[in-house]
Amino acid sequence: MNIEAIVKALPTEALTTVTDLPFPKVAEGKVREIYDAGDNLLMITTDRISAYDVIMPDGIPGKGVVLTQIARFWFEQSKGLIENHLVENHDEELAKVLKGYEDLIPRSMLVKKLNPLAVEAIVRGYISGSGWSDYKKTGKLFGQEAPAGLVESQKFPQPYFTPTTKANEGHDEPISLGECEALLGKSVYEKVLKVSLELYNMGVEVAAKAGIILADTKFEFGLDSAGKLFLIDEVLTPDSSRFWPADEYEAGKGQPSFDKQFVRDYLSGLDWDKTPPGPKLPQEVIGGTRERYVTALAKLAAI
């Protein structure tokens with residue numbers, strides 16, 4: 001990964017929507033747009049940014065490129081644990097599909113057509129965010145027993161698997177392990193649980209080499225027609241994970257981060273009810289967020 005070339009080529013204007021592609025759009029998420037490219041799907045990561053499940057009116061220039069390159073890094077790292085959705089000879093095939101649209105290549109992936117599972121597989125190694133909020137109220141972690149006396153950002157003795165529903169719009173909702181098993185079926189659930197914890201532990205180990213604490217993350221999975229499990233969507237990016245600088249970590253408070261917490265912190269100080277439309281972001285928040293994403297990429301690329 002040539003980080004200098006990637007950063008140098010990052011756009012200065014945010015790409016918040018994709019237009020004029022000769023493929024039918026089949027799905028659009030908060031950040032990604034997915035197109036039917038015949039035998040495969042074309043997944044393009046825009047520069048949109050969301051917070052509290054609301055897409056902000058301003059994008060972060062180059063964010064989609066950074067997210068895609070970080071995901072590609074982790075797909076390579078995780079090959080020994082589970083196959084992912086990238087097609088064979090990916091770069092060559094992607095270049096064919098996007099001939100004439102080469103500016104989209106750094107933010108795109110060409111992926112297999114799979115059946116996505118209806119849950120998000122979340123693994124938490126530290127107590128933060130919604131997990132911390134739930135623990136303060138209930139003394140548990142989304143219904144699971146947790147040690148008494150934990151403080152914010154403290155490391156758990158063992159990582160927790162805390163699945164949620166997967167909502168295209170609105171909020172993902174926590175579900176119990178039993179509910180997750182009922183949704184997926186026993187065999188698939190056991191595979192998802194096992195590989196999610198393995199992926200998280202791998203991520204923790206690799207991120208530590210870059211001076212990053214992987215506090216928590218979410219994974220998504222899909223099945224092929226034969227029922228084989230694949231890792232899909234994004235993996236271990238600043239949009240799907242909490243990345244903290246290890247040299248600044250101190251339990252008992254919120255942590256500085258390489259993710260979009262910088263945007264959330266800004267928004268939390270506004271008189272905004274966290275419903276659409278989102279407020280415009282000042283240039284210092286846009287620039288500061290971009291810097292954090294790029295820093296995460298640079299640290300990983302330096303391993």
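Hi everyone, let's start with a count: a search of the whole structure turns up 22 salt bridges. Keep in mind that this is a predicted model. I'll walk you through a few of these pairs, and then through the strands around one of them.

A bit of background before the examples. Side chains of opposite charge can pair when their charged atoms come close.

My opening example is D36 with K113, where the closest N and O atoms are 3.1 Å apart. D36 lies in strand β2 and K113 sits in the loop between β6 and β7, so this salt bridge ties together parts that are 77 residues apart in sequence. How accessible are the two partners? D36 is partly exposed, at 25% relative accessibility, and K113 is partly exposed as well, at 40%.

Now let's look at the strands in that region. D36's strand, β2, covers residues 32–37 and pairs with β3 in the antiparallel sense over 6 bridges. If you want to find this pairing on your screen, look for E33, whose bridge partner in β3 is I44. The hairpin of β2 and β3 has 2 residues between the strands, and G38 there takes a positive phi near 90°.

Strand β3 also pairs with β6, residues 108–112, again in the antiparallel sense, over 5 bridges. Here M43 stands opposite M109 in β6.

So is β3 largely enclosed or not? Of its 6 residues, 40–45, 5 are buried, so the rest of the structure largely encloses this strand.

Back to E33 for a moment, since we met it in the hairpin. E33 belongs to a network of salt bridges that links it with K25, E28 and R48.

Let's move on to the helices. In helix α3, residues 90–97, E93 and K96 are 3 residues apart, about one turn of the helix. Their side chains meet in a salt bridge, at 3.4 Å from N to O. E93 is partly exposed, with a relative accessible area of 27%, whereas K96 is exposed, at 52%.

My last example is in helix α6, which spans residues 186–209; E190 and K186 are 4 residues apart there, so about one helical turn separates them. Their closest N and O atoms are 2.8 Å apart in the salt bridge they form. E190 counts as partly exposed at 40% relative accessibility, while K186 is exposed at 51%.

That's my tour, thanks for listening!

Key. Residues numbered from 1 in each chain as written. Predicted model: local features only at pLDDT ≥ 70, side-chain atom pairs only at ≥ 80, totals over all residues. Heavy atoms only, no water. Buried < 20%, exposed > 50% of the residue type's maximum accessible area, 1.4 Å probe, protein only. Pairing = 2+ DSSP bridges. Salt bridge = Lys/Arg side-chain N within 4 Å of Asp/Glu carboxyl O.
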